[in-house]
Amino acid sequence: PESGWDRPTMKRCWHYLDATSRSFAAVIHELDGDLSRVVALFYLVLRALDTIEDDMTIPIEKKAPLLEDFYKHLEEDGWNFQESGPNEKDRALLQEFEVVVTEFKRLDEGYRTAIADITKKMGAGMSRYAKMHAASGGKFSVDTLPSFDLYCHFVAGLVGEGLSRLFSASGKESKHLGDQLTLSNSMGLLLQKTNILRDFREDVDEGRVFWPAEIWSKYVKSPEELHQPGNEDKAMWALSEMAVDALSHATDALDYLTLLGNQSVFNFCAIPQVMAMATLEACFLNPAVMHRNVKIRKGEAVGLIIGATNPRDVAYTFRDYARKIHAKARSNDPSFIKIAVLAGRIEQWT
Ligand SMILES: O=C(O)CO[C@@H](C(=O)O)[C@@H](OCCCCCc1ccc2ccccc2c1)C(=O)NCCCCCc1ccc2ccccc2c1
Ligand SMILES: [Mg+2]
Ligand SMILES: [Mg+2]
């Protein structure tokens, strides 16, 4: 079995993929040929790195080098990490990380180079923001919109970049896809910005503020005030600005999807994007975002998956959500015009 697919270490990797990812595991399993195993390992490497980033129990003196040097551990047989905090949901992956190392070292060199390069860049970027957060005594939030874009580039844009390089290296997509840095970045930013918008309450309750100060500081002195009684309109205007910022990546995502030729790669890329558009619409001007995680209903999700198999239908899905968001917009919302312009831009794209 050492040479076959049922290697014990690969079985453990599939276990961790399913255990650590509700949304991505299913679409990763759908990828053709060896891409599913390569992308699964790429996911596990970055989820392990993110589990270190998210862990507030690790002192910055230890966390920074762990993040910056993580890519080096991909070559160290037997490496794992036993010191995650008790609340880290994916700590088991780090505790048995040696199975990922074993399988990573069996990958073709082109895949290993791309994964190690993205891991190195992401770890360096995460470390930079972790140091700023530590230096501010935990009060730090991303300040300007460009800094928000840079953080999201590090944690999600680079994933898009890495995926494009893996798709090109597999020969299943054009060799030029790996050069599409702007469009690949936008694929990640639409997803990450949507998650940050949706997770506002959960994050702010844990003292993690990802919403840029450039947005919330126009309305309140500190972000947690947004969910306090009396600030409902301010909260909705801030939420609206976050939605405009995320939506600005929608047409790049559509452009990226039109570059794909392999059906399984298209489905893998399109499904998270249409889910993000549905989530943005569900959250838009929705006061519930200030109190809980707003999730789209199972039935809607199934409908989206069925309609995400070709660029035209995906464009229509984007257009339908853009229209719904535009219809919900209120004329006294400072972002009212920007929403109309963005909805028009998505309409024009289709
Ligand atoms: O802790 C959590 O559960 C959530 O953590 C968030 C955070 O800490 O901000 C945050 O952690 C980010 C750092 C680790 C990235 C892990 C990842 C995610 C999806 C992948 C999909 C395929 C291959 C590799 C992947 C790697 C997170 O998971 N955000 C979810 C959105 C990230 C989207 C990444 C991405 C980018 C471009 C894509 C293009 C096409 C298809 C999928 C894509 C997926
Ligand atoms: Mg995380
Ligand atoms: Mg994180």
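Helices (H or I, at least four residues) and strands (E, at least two) are taken here as DSSP runs, numbered from the N terminus. The model is predicted, so local features need pLDDT of at least 70 and side-chain atom pairs count only at pLDDT 80 or more, whereas totals for chains, interfaces and linings use all residues. Residues are numbered from 1 along each chain as its sequence is written, chains are lettered from A and ligands numbered from 1 in written order, and side-chain values use heavy atoms, leaving out hydrogens and water.

A good place to start is the metal site. The magnesium ion (ligand 3) is held by D50 (OD), E53 (OE) and D54 (OD) at 2.0 to 2.2 Å, donors being N, O and S atoms within 2.8 Å of the metal (3.2 Å for Na, K and Ca); water is not among the atoms, so sites may look incomplete. Along the chain, the donors of this magnesium ion (ligand 3) show the spacing D-x2-E-D. D50 and E53 are three residues apart in helix 3 (residues 35-54), so about one helical turn separates them. Buried means under 20% relative accessible area, exposed over 50%, and partly exposed in between (1.4 Å probe, protein chains only). D50 is buried at 14% relative accessibility, and E53 is buried at 7%. D50 also bridges the magnesium ion (ligand 3) and the magnesium ion (ligand 2), 3.4 Å apart.

We turn next to ligand 1. Of the 21 residues around ligand 1 (one heavy atom within 4 Å), those that come nearest are R47, D50, D54, K89 and Q192. Polar side-chain atoms of R47 and K89 lie 2.7 Å and 2.9 Å, respectively, from an oxygen atom of ligand 1, while one of Q192 lies 2.8 Å from a nitrogen atom of ligand 1. On its own, ligand 1 exposes 830 Å², of which the protein buries 90% (Shrake-Rupley method, 1.4 Å probe). Two or more residues of the shell come from each of helix 3, helix 8 (145-170), helix 9 (181-198) and helix 14 (263-283), with helix 3 giving the most, seven. The shell divides into 13 nonpolar, four polar and four charged residues; Ala, Val, Leu, Ile, Met, Phe, Trp, Tyr, Cys and Pro count as nonpolar, Asp, Glu, Lys and Arg as charged, and the others, Gly among them, as polar.

Finally, the cysteines. With a disulfide taken as a pair of cysteine sulfur atoms within 2.5 Å, the count comes to zero. C152 is in no disulfide, its nearest cysteine sulfur being that of C283, 15 Å away. C152 is buried at 0% relative accessibility, and C13 is buried at 1%.

Definitions and conventions: Polar contact = N/O pair within 3.5 Å; in protein donor to acceptor, adjacent residues only side chain to side chain.
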